[in-house]
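The following exercises ask the reader to locate and characterise elements of a model. Each task is followed by a solution in steps.

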Amino acid sequence: MVEPVKLPSVTKLPTGIDGFDHIGLGGIPAGRTTLVAGTAGSAKTIFAAQFLAEGIRQYDQAGVFVTFEESGEDIRANVGSLGWDVAAWEAAGKWAFVDAAPQPGDEVVVSGAFDLGALVVRVEAAVRRVGATRVAIDSLGAVFSRFENEVIVRAELFRLASALKGMGVTSVMTAERTHEYGEISRHGVEEFVTDNVLILRNVLEGEKRRRTMEVLKFRGTVHQKGEYPFTIMPDQGIVVIPLSAIELDQRSSYTRITSGNAELDAMCGGGFFRDSVILVSGATGCGKTLTSTEFIAGGVAQGERSLLMAFEESRDQLSRNASGWGRDFDRYEREGLLRVVAVYPEAAGLEDHLIRIKREIDSFKPNRVAVDSLSALERVSSIKGFREFVISLTSFIKHKEIAGLFTATTSSLMGGESVTETHISTITDAIILLRYVEMFGEMKRGLTVLKMRGSAHDKDIRAFTIDGRGMHIGAPFRNVTGILAGHPRHVPPAEIERLGQLFSNEGALGD
Amino acid sequence: MGAIMGKYLLRLYITGRTPQGNRAIANLQRICQTELAGRYEMEVIDVIEDPQAAEDARIIATPTLIKALPPPLRRIIGDLSNKEKVLIGLDLSGPEDPNGDQHG
């Protein structure tokens, strides 16, 4: 038997950049150089600076920032808006600049062969001086535009990368791209500098800017594949949303919780599951906000805390609605059992909303989360982005073992599907449809539990009414067909009987 | 500037005694002796021995020749094998008077 060859394994250095280490499966390759390539405005410099900042903040690892483009002063000022006090870190010996930016006003004449030996010496000296673990180099494109001789620059950058490896530091180098999808970088830097490539994108998609990052390769080690959305938070920097990296490892709870409505609980086979996500879909005004209000009130009755993320109505409007159904939001809030966060959907991008919701959940620690309505958020995103948002939010809620209730608005009054529903129905655990039903010149409301994962449930479509005490679910619609399709049709009892026999007794077919 | 006119202060930064660095020193000495005889000061700085000097002067390429005086400050990169370029960098390339220092 042949002994398997033992290859030296590549270890990872956690960057500390929120969410990134999930897609890098632990970070970036330690002791190596990772190329961070992106078009103008793709947040390369922020990534490079944050790599050092998080090293200092979270791991007490010092860093060296080599800048070819902006002066150290500019970088201090630019990242100051993200809440990083670079000057203080410099004073503490945690951060050192190697300022290799062009000096204003000085002209450079080239006469004969040269190398970048002084740069390598300066980087080495800075790494020694602060005892650096991390090095960020921003950006390689600026070096190429500075020195005409591309052959020399390539050779020298290769030397720099080797020197960094020799020092045992983990480094990132940024490089420019001309197109979001195309060659990895200008000047083909990746071919000689590094085995590890990360791409940052800033794509215009349906009039919205969407930032994503993708680990193209980590030689000799694993990483998540594909593009992951990220955003830049004012006081935090880059936050990556590791969508597909989310593992389906949530524990499933069999604990039932009340929906806040006894009849609905009965239809669901005894209530919702503790860590499930429920979608309530219906036309405008047919009871979605009521459903979420009862969901919250049901929690309050059990002493549970609820977070309501409102994207359609203000806190005052919601409070007034609730009091119209006999539910007192003001009291719930005073008792600390409810937090209402009303946000205008257009106020931010979807990634920012997601992070906002996560933060609210982390700080308020609710048992229940209601989002009214999810469809409002659809307006500010592409379909793909929206779907990713819902997956990410759902997964987050489940991990926290919180019950989530999302509402979605259908476009037509009678029947029909909402766009929201189409894209997220497979993600949710339960779907409740609210419908208007026109019968004999009268508008009635109907409710059905379309899906209830992991449980038996009532399959009837039941009529319900709304009054000053809330929702009252009554008897199933009998002798009516086509409600969900939006074309209710009255069927005579005799016909129903005949249809019933059709399936129960095949012999009857011969009649 | 009358009294000090024509006094050249030159600093040459090299990274170790490499053939390239030595070539730059020899080339510079030759040019200075023919073009600036008696009115220059030349200093050779090895950045390996003094990285801080490279940091202070923001040197990244070596060899780099800095003309500190007379103003304006100029940087010339390379082993100085192209004499014409060096003369341009030192503001010594007046077409009508190649030895002139009227710009200084």
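**Exercise 1.** Where in chain B is the place of P72(B)?

*Solution.* The model is a predicted one, in which local features need pLDDT of at least 70, side-chain atom pairs count only at pLDDT 80 or more, and totals for chains, interfaces and linings use all residues. Residues are numbered from 1 along each chain as its sequence is written, chains are lettered from A and ligands numbered from 1 in the order in which they are written, and side-chain values use heavy atoms, with hydrogens and water left out.

Step 1. P72(B) is found in the loop between β3 and β4 of chain B; helices (H or I, at least four residues) and strands (E, at least two) are DSSP runs, numbered from the N terminus.
Step 2. The bond that joins P71(B) and P72(B) is a cis peptide bond, with omega about 0°.
Step 3. P70(B) lies in the loop between β3 (64–69) and β4 (74–77) of chain B, and the peptide bond from L69(B) to P70(B) is cis, with omega near -5°.

**Exercise 2.** Determine whether strand β4 of chain A is buried or exposed, and identify its partners.

*Solution.*
Step 1. Of the 6 residues of β4(A) (residues 62–67), 6 are buried, so the strand is largely enclosed by the rest of the structure. Buried means under 20% relative accessible area, exposed over 50%, and partly exposed in between (1.4 Å probe, protein chains only).
Step 2. Both faces are covered: A62(A), V64(A) and V66(A) lie on one side, and G63(A), F65(A) and T67(A) on the other.
Step 3. β4(A) runs parallel to strand β7 (residues 132–138) of chain A, joined by 6 bridges; two strands pair if DSSP finds at least two bridges between them. The bridge partner of G63(A) in β7(A) is R134(A).
Step 4. Strand β5 (residues 95–99) of chain A also pairs with β4(A) in the parallel sense, over 5 bridges, and V98(A) in β5(A) stands opposite V66(A).
Step 5. In the loop between α2 (44–59) and β4 of chain A is D60(A), a residue other than glycine with a positive phi near 50°. D60(A) counts as exposed, at 54% relative accessibility.

**Exercise 3.** Describe how α5 and α7 of chain A pack.

*Solution.*
Step 1. Helix α5 (residues 117–130) and helix α7 (residues 150–167) of chain A pack at about 20°, with axes 10 Å apart. Axes are lines fitted to C-alpha atoms, for helices over the stretch in contact, and angles run from 0 to 180 degrees between N-to-C directions.
Step 2. The two helices are therefore roughly parallel, a label for angles under 35 degrees.
Step 3. The contact (heavy atoms within 4.5 Å) includes V120(A) and V123(A) of α5(A) and L160(A) and L164(A) of α7(A).

**Exercise 4.** What is the strand order of the open sheet of 9 strands in chain A, and which strands stand at its edges?

*Solution.*
Step 1. The order is β17-β16-β18-β19-β15-β20-β21-β22-β23, with mixed pairing.
Step 2. β17 (338–342) and β23 (470–476) of chain A stand at the edges; each has a single partner strand, so one side of each lacks a neighbour in the sheet.
Step 3. From one strand to the next, the twist averages 25°.
Step 4. Within this order, β16 (residues 306–310) and β18 (residues 368–372) of chain A pair in the parallel sense over 5 bridges, with L307(A) opposite V369(A) in β18(A).

How values were computed: Parallel < 35°, antiparallel > 145°, perpendicular 65-115°, else oblique.
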